[in-house]
Amino acid sequence: MNKQVIVKEKKKFKLSDTIILFIALIVIVIFFTLMNRAFFSYANISTMLKNMVITGILALGLTPLMIARGLDISFGSSVSFTGVLMAVLYNKGWSLSLCLVVGVAAAVIIGFINGLLIENFDLIPIILTLGTMSILSALALVLSKAFSVSMLTDQLYYFATKSFLKIPISVFVLIFFIILFWFILTFTKTGRVIYIIGANPKVALLSGVKVKKVRILLYTFLGFIAGIASIIMVALTGVGNPLAGAKMALPVLSAVVLGGISLAGGAGSVWGTIIGVLIVSVIFNGVSVMNVESYFIQMVQGLALILIVSMYEVRNKRASRR
Amino acid sequence: MVFLDNQKIKTNEYLLEMKNITKNFPGVCALSNVSINLKRGEILGLLGENGAGKSTLIKILSGDYFLEEGEIYIEGEKKVFLSPAESILAGVRVIYQELNTYDSLTVAENIFADNIVRNKAGIVNWKVMFQKSREILNNLGSNINPNEYVENLSVGGKQIVEIARAIRQKAKILVMDEPTSALSEKDVEHLYEVIRKLKNDGVSIIYITHRIEEIFIITDRVVVLRDSKKVGEKFTKDTNKAELVKMIVGRDFSEQYKRTDIQKGNIIFEVKNLNYLDKIKDVSFTVKKGEIVSFFGLLGSGTHTLFSVLFGDKKKTSGEIFIEGKKAEITHPFIAKLNMLGYIPYDRKEEGVALSLNVKQNITSTNLEEIGKGFILDRDIENIKASEWVKKLSIKTQSLETIVNNLSGGNQQKIVVAKWLERNSKIFLMSEPTRGIDIGSKAEIYNIAENLCMQGAAVLMVSSELPEILSVSDRVIVMKDGRIVGEFITKQTTQEEIMHCAST
């Protein structure tokens, strides 16, 4: 009897987690709409969605990695570096498709190296990727001589500006990745392995799971996602900007953590991440629409991150005290 | 008045009295009505197998565990320790097997760690600290330099530093938990001298050990615990080794559980000259189909390490493993899994089950390859397979979706077994499979092991419970310091013989 009650209570608790986040999202949307009618206009929402794509796919790429107790904060500089790389190669007369392939390949290799070093030498992920982050930012600046390198092409311009059913085309890329990651995490054996590793890596290892290989794969895949994000970035802005990814770590990590993935790993889902991305984007966009100076946007984002993480911590402590 | 005088004499007789101590943990009784006392300047030996209740008793004395039932008197005064700090203040000091020295600091800093000497300006007074440290060490007959860094000392030296700290804290009761288990012979001799000096100075010592010989070298009196109860108390001069061993191992278990005779098949598992760093040395043995072979050894004998090396969790330094006559290079648990090995680790909650996952996710975690075709996880197959094992092993759970953390220890252990049954393993490595589970579940685990053997599997088991070893297994291999030091057919041996082999 008693046990049954406990189990049911836990289930309720978990369900309410996502719902609370969703309610928070709606409250924030209502708040910004009341503050400024322009917030809820088609033009603004369409811009917001477009801006959300890059944060969104990076957060999605980070989701399985963080569930499996890995971490990478170098994805932003990977986006800058590959963007610059593609633009420089394009200006040297390489064909567009070749540039894109080389760019994505570079990002994949970066992710692979991150994973290989972290897993083979048991390094602390945040420290190692802090290192790669600064190396890549520097390389991007060296390669571009610290200027944005233009890369205007018809194909990318088309991709950046056209809409389908009034929805920007780049948003479909995000939707594609949402479905892909949801499918992988929910229906495949790989998804299950990721959750088993996250629950307890030692148990996973002693069940014969190749923990290191799976994690290296996830780092590599995040690299691939960074490559794709870089292409979208170049398409939207028309340049390879060496500073494009510098400020990405905060919104992306905030989104993932907001979505309920703790640094301790184990739990989390694609939907949590997506709501996290929505909240982060809405705050960013809402504050921008209010014509506040841009420094404040970052401040609000930082505050929101601290607030939510402390709320999760307080709740976890309460739960464990019981 | 007369009454008062009597009281006074009585209380002065004992420095420490622990009366009727009882301690229960959820589902387990760790201590039942145990009383011990200790005179000034007396050395009391405390004996018992792993899990007999020795460490629980000490942790209550040290304030690590809260005393629920029973009373503690120190110098006749009733004490309630709410924290280790209060216990230290009352003059009790425990020196654990894993020493608590600050290795990157000097000897003097260690001795004064909790009470650094300062001058009026609040600056550390190194001179006084050095001199006082030297004084204490000299009194202990040690010539360790107080300015030496502790990391440069031997284990024995570190122990002396801890004792010196205890003396500096004016400890009246010193508890030593297997102090000689990691010492060289020379250090052991020195430690004995130090202990005798302390005794002369009126310090009382509780001396915990697995080595029975030590009891006769150093103690005045000895108390034996078994199954959370005090089963014997003797003056050392009135007893002998055989009697103590008998008290430690206790009743004859073999009549309670009789296993059926199982036909033995060919050799399924063979290990040749296995080495792992300096932890496993030159280990060779064979196991036949249908056999249950136990591994026994005292703390640090390497039995658990041996199993993690065999399963590929630790990489062997050299040696060969043959499975059904074929050489196998087991470098990762994944390869062990492919070679039909299954592993039930010692630490169930940290290594055996994923506590935050549910029953079916745990059971199928070893065998995802067969849960559906290709990449897709087939939930119907998963449910069928998991519910089959839940039924076969009678795992008591609300549903297949119940989070494993909510199950009892016995049921969690059955899930670990189910993981490897699902995988169709043929060679089971079980590290203390019945540790911390209730008697009913223990019997069920034994039955599962027996059934496995009937189907041609082989079971290797590490156990620290000799009665269990004798009643469950066919053979027992005894290890000490990473080496195999003996092998017995369980039908033809006794607990005393095995214990003797493991400790000498």
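How many residues of chain B are in contact with chain A, and how many of chain A with chain B? In this predicted model, 24 residues of chain B meet 21 residues of chain A.

Begin the tour by selecting the side of chain B that touches chain A, where helix 11 (333–338) and helix 12 (348–352) each supply at least two residues. Helix 11 of chain B gives the most to this side, with four residues. Colouring the side by class will show twelve nonpolar, seven polar and five charged residues.

Next, select chain B as a whole, whose secondary structure comes to 18 helices and 20 strands. The radius of gyration of chain B is 26 Å, close to the 23 Å given by the globule rule for 504 residues, so chain B is as compact as a globular protein of that length. Its C-alpha trace spans about 80 × 55 × 45 Å along the principal axes, and buried residues make up 44% of the 504 residues in chain B.

Then colour chain B by domain: domain 1 covers 13–249, domain 2 is assembled from 253–340, 426–442 and 451–504, and domain 3 covers 353–425. The C-alpha centres of domain 1 and domain 2 of chain B lie 34 Å apart, and the contact between these two domains takes eleven residues from domain 1 and ten residues from domain 2.

Finally, select helix 9 (residues 241–249) of chain B, which gives the most to the side of domain 1 that touches domain 2, with three residues. The residues on that side of domain 1 of chain B divide into three nonpolar, four polar and four charged.

Definitions and conventions: Residues numbered from 1 in each chain as written. Chains lettered and ligands numbered in written order. Predicted model: local features only at pLDDT ≥ 70, side-chain atom pairs only at ≥ 80, totals over all residues. Domains from an automatic or database assignment. Contact = placed C-beta atoms within 7 Å. Nonpolar A, V, L, I, M, F, W, Y, C, P; charged D, E, K, R; others polar. Rg over C-alpha atoms; globule rule 2.2 N^0.38 Å. Buried ≥ 20, exposed ≤ 12 C-beta atoms within 10 Å, placed from the backbone.
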